[in-house]
Amino acid sequence: MEQSNEELDSLVRKRIRALRVAQGWSLEELAGRANLSQSSLSRIENGQRRLALDQLVTLARALDTTLDQLVETASDDVIISPMIDSAHGLMRWPVKGEPGMTVVRQRMTEPPPDNPARMRAHPGREWLVVLSGTAVLMLGHHRRFRVETNQAAEFPTMLPHAIGAEGGPCEILGIFDRDARRGHQRDDRRSGNDCAPDLPRTT
């Protein structure tokens with residue numbers, strides 16, 4: 001359901017103030033960054049002055065955001081159901097705000113491979129958090145990291161890498177950027193726990 005103009009106007013004003021406060025800036029500081037008078041900015045935040053497009057663009061830039069984000073309204077499809085890949089035992093959610101980014105949940109039971117030849121390397125970055133159990137992340141040929149429950153890891157995937165379980169099953173939630181996802185898709189004929197999951201192809 002689309003918001004009315006009045007509701008959107010109020011929402012944008014609240015966002016401007018909230019972003020300013022989050023930065024720890026006074027009215028005077030933000031006004032200076034946006035080339036506005038302090039009284040004009042105060043009236044904008046308090047709803048006593050009309051919101052002009054040129055001022056919103058300037059304020060968005062000063063607040064290190066974009067005009068689209070400043071005026072963004074809630075969408076109807078807030079809840080996203082996962083796509084189930086039974087063959088690989090994982091669930092996948094696309095991230096709408098970042099096209100090409102994917103969130104994957106997977107349960108692992110095997111340790112990472114001992115053979116460095118089975119490690120992968122491809123463009124991109126990956127981020128993962130261990131939901132339960134203990135995971136082992138191998139980076140390069142000599143670096144081994146234990147990632148416990150509620151700990152996270154982030155790494156560039158150009159490093160040869162592999163991930164598996166230690167001491168029993170573990171469950172991870174991984175976030176892959178576009179390049180990392182493509183790297184796994186190109187290599188999806190390989191088996192085992194060589195790194196986090198082989199991602200299903202998307203259309």
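These are my notebook entries on a chain I looked up piece by piece.

**Entry 1: getting my bearings.** I began by reminding myself that this is a predicted model. I then looked at the helices and strands, and the chain has six helices and seven strands. Next I read along the sequence to see their order, and I found α-α-α-α-α-β-β-β-β-β-β-β-α. So that I remember it: five α come before the run of β, and one α closes the pattern.

**Entry 2: inside and outside.** How much of the chain is buried? I looked it up, and buried residues make up 37% of the 203 residues. For the outside, I noted an accessible surface of about 12,000 Å². Carbon and sulfur atoms account for 49% of that surface.

**Entry 3: the largest nonpolar core.** Which residues touch the most other members of this core? They are I16, L30 and L59, in a core of 16 residues. I then checked which elements give two or more residues to this core, and they are α1 (5-22), α2 (27-33), α3 (38-45) and α4 (53-62). The largest share comes from α4, with four residues.

**Entry 4: a look at L59.** I set aside the neighbours of L59 within four places in sequence and listed what remained. L59 is in contact with I16, L30, A34, L36, L41 and I44. I was pleased to meet I16 and L30 again here, after seeing them with L59 in the core.

**Entry 5: another core.** I also found a second, separate core, this one of 13 residues. Among them are V130, A135, L139 and I172.

**Entry 6: contacts along the chain.** Last, I took the contacts with a separation of 6 or more. Residues 24 or more positions apart account for 63% of these.

Note on methods. Residues are numbered from 1 along each chain as its sequence is written. This is a predicted model: local features need pLDDT of at least 70, side-chain atom pairs count only at pLDDT 80 or more; totals for chains, interfaces and linings use all residues. Side-chain values use heavy atoms; hydrogens and water are left out. A nonpolar core is a set of buried Ala, Val, Leu, Ile, Met, Phe, Trp, Tyr and Cys residues joined through side-chain atoms within 4.5 Å. Buried means under 20% relative accessible area, exposed over 50%, partly exposed in between (1.4 Å probe, protein chains only). Contact means heavy atoms within 4.5 Å. Accessible areas come from the Shrake-Rupley method with a 1.4 Å probe; for residues, only the protein chains shown count as cover.
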